[in-house]
Amino acid sequence: MLKEKLTEENKSKIKKYAPIIVVILAIIVGGYFLWDASHYQSTDDAYIESHLVQIAPRVAGQIEEIKIDDNQSIKEGDVIAIIDPADYKIKFNQADAQYQKALLNQNVAKANLSAANSEIELAKKDLERYRNLYEKGAVSKQTFDAAQTKFDSIQAKQTSADNMIFSKNESKVADADLKTLKAQRDQAELNLSYTKIIAPRDGVVTNKNVEKGAYVQVGQPLFALASKEVWVVANFKENQVGKMKPGQNVDIKIDAYPHKTFKGKIDSIQRASGAKASLFPPENAVGSFVKIVQRIPVKIIFTEEINPDEYTIVSGMSVIPRVKVK
């Protein structure tokens with residue numbers, strides 16, 4: 001009987017103090033959430049980002065060789081694919097031959113003119129000398145006439161060589177033509193070099209969409225090159241970013257590793273909302289305007305060294321960042 005009486009008394013006490021306990025617990029929990037909300041800001045609209053470069057050929061042609069595979073790490077400057085260079089070698093040889101021919105013709109013309117100029121200077125001196133000697137009676141009229149004839153002949157030769165280069169501004173035209181042919185040759189040589197597709201930076205191959213033997217066009221995406229450098233882009237509501245600033249510490253939870261909290265900090269805050277930075281920004285100056293809370297992208301970088309052998313963190317992973325604003 002005594003035991004039953006004590007049990008009833010305990011139940012009575014529990015019923016009496018239960019509401020008070022519940023209120024106290026509610027105050028504690030509510031106080032914690034209020035404190036947490038005033039000191040931390042969080043969002044589930046956040047993702048891992050990285051530099052992603054689309055690799056595309058700069059010339060068209062058939063893929064002769066592929067030197068990469070899916071998820072392969074490559075270094076800047078590595079040859080990652082080769083386009084059949086045969087057509088581009090022929091075009092370069094043709095352009096080079098035309099340039100060399102024009103260059104040779106111009107050099108020959110200039111050499112002929114230079115030789116003619118030298119000959120006419122010598123003939124002019126001889127003519128002046130024979131004129132003086134003839135006037136003094138030291139040489140015959142026939143000798144003087146021969147010197148005059150030689151001078152006239154060389155002068156005609158010099159005029160002809162000069163006309164080949166300089167008449168009617170042909171010198172400038174010839175130089176311009178030579179520059180045009182050289183530019184065409186350089187472009188052909190550049191196109192030939194483009195048949196080797198070179199990695200523009202270090203990274204990992206992803207979204208590979210090309211095989212040996214495929215015919216590719218200029219600008220056609222072959223695969224993407226993802227950098228190993230990663231960061232977080234968190235889209236906080238506009239009423240959350242008021243107390244945020246670069247340098248604030250961030251706890252980063254990645255869905256793939258729920259039991260690990262990574263350390264980071266705010267790097268920068270975008271100077272426009274996500275909607276304003278979109279391809280078709282909203283036009284709010286209308287009569288049917290409805291206020292919508294905007295999202296502001298915040299860049300968060302990792303401040304701890306991440307072991308790639310232990311944690312595989314790639315672009316697109318879902319993240320929940322927790323920013324300490326106080």
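This passage describes the fold, the sheet, the nonpolar cores and the salt bridges of one chain.

The model is predicted. The chain has 326 residues, and 28% of them count as buried. Its secondary structure comprises 4 helices and 13 strands. Contacts across long stretches of sequence are frequent in the count: of the contacts with a separation of 6 or more, 78% involve residues 24 or more positions apart. The exposed surface of the chain is about 21800 Å². Carbon and sulfur atoms supply 54% of that surface.

One open sheet is built from 4 strands in the order S6-S5-S3-S8. The pairing in this sheet is antiparallel. Strand S6 (196–198) and strand S8 (215–216) form the edges, and each pairs on one side only. The sheet can be followed from S6 across to S8. Strand S5, residues 79–83, pairs with S6 over 3 bridges. In this pairing valine 79 faces isoleucine 198 of S6. S5 also pairs with S3, again in the antiparallel sense, over 3 bridges. Here isoleucine 63 stands opposite isoleucine 83 in S5. Strand S3, residues 61–66, is then joined to S8 by 2 bridges. Glycine 61 lies opposite valine 216 of S8.

Nonpolar side chains tend to be buried together in soluble globular proteins. In this model the largest nonpolar core has 24 residues. Ile48, Val232, Ile252, Ile254 and Ile313 have the most contacts inside this core. Several strands contribute: strand S2 (46–55), strand S9 (223–237), S10, S11, S12 and S13 each supply at least two residues. A second core is separate and has 19 residues, among them Ile63, Ala81, Ile197 and Val210. Ile63 of this second core is the residue that stands opposite isoleucine 83 in the sheet. In the largest core, isoleucine 254 shows how distant parts of the chain meet. Beyond its neighbours within four places in sequence, isoleucine 254 is in contact with Ile48, Phe262, Phe302, Ile313, Met317, Ser318 and Val319. Two of these partners, Ile48 and Ile313, are also listed with the most contacts inside the core.

Side chains of opposite charge can pair when their charged atoms come close. The structure holds 7 salt bridges. One of them links lysine 260 to glutamate 304, with the closest N and O atoms 3.5 Å apart. Lysine 260 lies in the loop between strand S10 (249–254) and strand S11 (261–269), while glutamate 304 lies in the loop between strand S12 (295–302) and strand S13 (318–324), so this pair ties together parts that are 44 residues apart in sequence. Both partners count as partly exposed: lysine 260 has a relative accessibility of 23%, and glutamate 304 has a relative accessible area of 25%.

A network of salt bridges with shared partners joins Asp96, Lys182, Arg185 and Asp186. Within this network, the side chains of arginine 185 and aspartate 186 meet at 3.5 Å, N to O. Arginine 185 is buried, because its relative accessibility of 17% is under the 20% cut-off. Aspartate 186 is partly exposed, at 30%. A further salt bridge pairs lysine 208 with glutamate 211, and its closest N and O atoms are 3.1 Å apart. Lysine 208 is also buried, with a relative accessible area of 17%.

Note on methods: Residues are numbered from 1 along each chain as its sequence is written. This is a predicted model: local features need pLDDT of at least 70, side-chain atom pairs count only at pLDDT 80 or more; totals for chains, interfaces and linings use all residues. Side-chain values use heavy atoms; hydrogens and water are left out. A salt bridge is a side-chain nitrogen of Lys or Arg within 4 Å of a carboxyl oxygen of Asp or Glu. Buried means under 20% relative accessible area, exposed over 50%, partly exposed in between (1.4 Å probe, protein chains only). Contact means heavy atoms within 4.5 Å. Accessible areas come from the Shrake-Rupley method with a 1.4 Å probe; for residues, only the protein chains shown count as cover. Two strands pair if DSSP finds at least two bridges between them. A nonpolar core is a set of buried Ala, Val, Leu, Ile, Met, Phe, Trp, Tyr and Cys residues joined through side-chain atoms within 4.5 Å.
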